[in-house]
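User: Could you take a close look at one part for me, the place where the two chains meet? I'd like to know what holds the two sides against each other there.

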Amino acid sequence: MQGAVLRGTQSGYELVLRQSASFDQIMTDLRDLLEKLRVAPESEAVTNFSLDVLTENRLLQPDEKKAIETLVSEYPKFQIHKFESGVMTKADANELRERETVHVLSRTIRNGQDLEYKGDILFLGIIHEGGKLKTNGNIYTMGNVHGILQAGFPDDESKVVIGDTHDAQQIHIGEQFTILDDDADQVNAQTVAYVNDLHALSFGKLANLKKINPKLFNQIGGL
Amino acid sequence: MGKAIVVTSGKGGVGKTTSTANIGTALALMGKRVCMLDLDLGLRNLDVVLGLDNRIMYDIVDVAEGRAKLRQALVKDKRFDDLLFLLPAAQNTDKSALEPGQVKTIVDELKPDFDYVLIDCPAGIEQGFMNSIAGADAAIVVTTPEISAVRDADRVVGLLEQHPLTEEPRLLINRIRRHMVNDGDMMDVDEITSHLGIELLGIIFDDDAVISTSNHGEPVVLNSENPAAQGYRNVARRLEGETVPLMKVEAEAAPGFWNRMTRWFHKG
């Protein structure tokens, strides 16, 4: 059984590195394969092989990737387009889950407490004056916010804060912020706080979310 | 085995020391064996409030560093027959002279011999605070009906959530001025309690006698007629597990017209 197999697909070529083969085996077989292709007459028509390297259920270490790239670069006809693996590390998986889920959060954030999350948050708890809730995603609040909210932490201005924040002290989105003192009366449960084209934080109506942030609107199922 | 309770607040001047002295005395009046620990290193004054300042031989740092035995350092309150003791703070050392571990050792050594170990926490949330909560099983968070005190109490409750004790912290609202609450000029008890979201242990009315009695080194709680004293006695009873209704904040119904007239004549 070959450790490295070349497959043609509609969109290009896949280089499959068998997970059952050892890495040394793969390197030997890959060299053989490339060498064979270099001299094979039928490959002469094709001048440019763009390869998707599939590693099956194997995660290549950076130095292993490097070794494969070096080997392939010896054959100018071939370029590596990308590496793809059927598996991911637990750390990556957790991070993905954190990023993709909406965290439902129902707790009290007190003065001086500074909570940081990844992903979107549906907030149902209480933030006391001086408490701070940060996330790199969006914040939807149905809770009682007297403290500080920060969506898109630290610098993503495409995020929004939706919900009643008229009692909040500050709202931050990315690097933009507003102090609620002056704007508080225009804020209600149907308010979207977002960063506009002039990079200023402003408030809009939930009904206008499609205009305000089309990407989010589509992602959450709006039409 | 006794229970160690830390009295803390975050903000200074809300009455931690006064409350410690009075709750401790009230518990002793109920026949409990109580030891009070002053952890306000460098600024001790629990001894003064109790009128025990002239009896201090050794302090808590002496005990922690092995210069004195715990028994030698305990100051006995003569008014109570072997019930009330004080372990004073050091006066001439740095605030960082104690470690949380040392305090815990001392508290653990005291607990078998006493029903209550009351720990008087210094203001602030630095090392003194960490020392104070190290050996504690429960906490009393003291606040006054002022926004600054409530805000700091909120911070302290948050810190206690991060360093959880065996029991949830309970709230003591100190220095309530009845007439201001009734006029709506002061935050009321329910507002503070629901904001902080912890169980209310008791309320203490503001009373001149609290100051005048501590100036004589005699906790106000000894005078059973005084409203502040009653508040502290109620707190002590609740700590013992009794169900005691809260004292009413509303002033007695405003005196009627005739009442006022007669009073006016009496004045003359």
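Analyst: Here is a walk through the interface, with a little on chain A afterwards. Keep in mind that this is a predicted model, where local features need pLDDT of at least 70, side-chain atom pairs count only at pLDDT 80 or more, and totals for chains, interfaces and linings use all residues. Residues are numbered from 1 along each chain as its sequence is written, chains are lettered from A and ligands numbered from 1 in the order in which they are written, and side-chain values use heavy atoms, with hydrogens and water left out.

On the chain A side, eight residues touch twelve residues of chain B, a contact being heavy atoms within 4.5 Å. Together the two chains bury about 850 Å², and carbon and sulfur atoms give 35% of that; buried area here is the accessible area (1.4 Å probe) lost on putting the two parts together, summed over both. Arg110(A), Asn111(A) and Glu129(A) supply 63% of what chain A buries against chain B, more than any other three residues.

Arg110(A) also turns up in a salt bridge with Asp154(B), with the closest N and O atoms 2.9 Å apart. The rule finds two salt bridges across this interface, each a side-chain nitrogen of Lys or Arg within 4 Å of a carboxyl oxygen of Asp or Glu.

As for chain A itself, its C-alpha trace spans about 75 × 35 × 25 Å along its principal axes.
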